Amino acid sequence: FSDFGSIGAEQGDKIKIQSPVDLGEADEFDANTGFANTDIKTGTIDITVDQHFGKQFAITDIDFTKAKTEGYFPSTAESAVKACSTVLSKYIYSGYKEVPNLSGSVSTADFDKATMLRAEKKMFDNLAPETDVMFAALNSNRYAELLTDLTAVDVNGSDQALRNATTGMVASFQVYRDTLLAKLKHTNGTAKDSAMTLDSAITKGDKVLVLAGATAAETVLKGDIINITLDDGETEQLVADADATAGASTVSISLSHPVKGEAAIGNAAVYANTEVSYDVNLGFQKNFYALVMRPLTGANVESNEDGSTIVSQVDPRSGMSIRLESWRDSQLKKNLWSFDILF
């Protein structure tokens, strides 16, 4: 959900988005009573518009005279917009810390079609709509490894990957490459090195997990993923919602999502990934993200009453609602520009 509406919002305002309605499975018809009414359970998700970033630069009169090309200022402005776009993308990608499901290995040799197929299975196991396209954002290394693994004609009967040297559709994912992901890595806490077990019973709906057996002041970092074994033998993956440090021999972990199943006391709990750090690649369906952008305005929009000009518009390349403010410092003989975004 992207909002580029003309209504301005102050930093810290909350935007309410209605969550999808889910009526569950259909009921069997009863000849005596008909169908029973199903309660419509709906809710809203609050998104706080509190992320305000920008880039400002100044160009002196002498700088203008030294500039040899006409592209001097456009290039600088483009770089400022790119800086805003980068911080927005990094913030969006940080949503990986909410995702407990993993597919593949940190080994660079283990990212292939099978990795994508396992990811697809996990998506469908979590009831991702099969009618909607899913998306995968990969860093350059993973993208190259996946492309190398593709055959001349993919499972959809297309040779697009071979002809265009792009992956196209793999499993149910539309695959994209983003070089920014090369800079996004998750570092695991030190608890990954300890053979800890569940310290207390877990029931469905719990959002706290206590592990025992820490040999030192073990740490758990937000985004760390832990496997637990349920009573029925199935494995559930849980993700830490905040940083935590062990007290004595136990460590208490808050979870970003409640436990789905039942787990027994004493079942071994192990880190889903025991490497020091690993790169982040994302597979998701469109409803995972909700992005709200608000156009920033000022008291003197498109005016020069105080020597400044403020203009808000949607950047055609990035889709960001961005504000440009420009003014002149007469004393220092320079012009200043500021590009900023609120989301």
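**Helix H2 and the aromatic pairs**

Helix H2 covers residues 72-93, and at 1.5 Å a residue its 22 residues should span 32 Å, which agrees with the 32 Å that separates its end C-alpha atoms. The model is predicted, and its 9 aromatic pairs form the second topic of this briefing, after the surroundings of the helix.

**Helix H2 and what covers it**

- The buried residues in H2 include Ala77, Ala80, Val81, Cys84, Leu88 and Tyr93.
- Among the elements that cover the buried residues of H2 are the strands S4, S5 (134-138), S18 (282-285), S19 (291-292), S21 (321-329) and S22.

**Aromatic pairs between strands S4 and S22**

- The structure holds 9 aromatic pairs, and one of them is formed by Phe57 and Trp337, which are stacked with 5.7 Å from centre to centre and 25 degrees between the planes.
- Because Phe57 lies in strand S4 (residues 52-60) and Trp337 in strand S22 (residues 334-342), this pair ties together parts of the chain that are 280 residues apart in sequence.
- Phe57 and Trp337 are both buried.
- Phe57 also pairs with Phe339, and since the ring centres are 6.3 Å apart and the planes stand at 20 degrees, this pair is stacked.
- The pair of Phe57 in strand S4 and Phe339 in strand S22 links distant parts of the chain, 282 residues apart, and both of these residues are buried.

**An aromatic cluster**

- Five residues, namely Phe135, Tyr176, Phe284, Phe288 and Tyr289, form one aromatic cluster.

Note on methods. Residues numbered from 1 in each chain as written. Predicted model: local features only at pLDDT ≥ 70, side-chain atom pairs only at ≥ 80, totals over all residues. Heavy atoms only, no water. Phe/Tyr/Trp six-rings, centres within 6.5 Å; stacked < 30°, edge-to-face > 60°. Helix = DSSP H or I, 4+ residues; strand = E, 2+ residues; numbered from the N terminus. Buried < 20%, exposed > 50% of the residue type's maximum accessible area, 1.4 Å probe, protein only. Expected span 1.5 Å × (residues − 1). Contact = heavy atoms within 4.5 Å.
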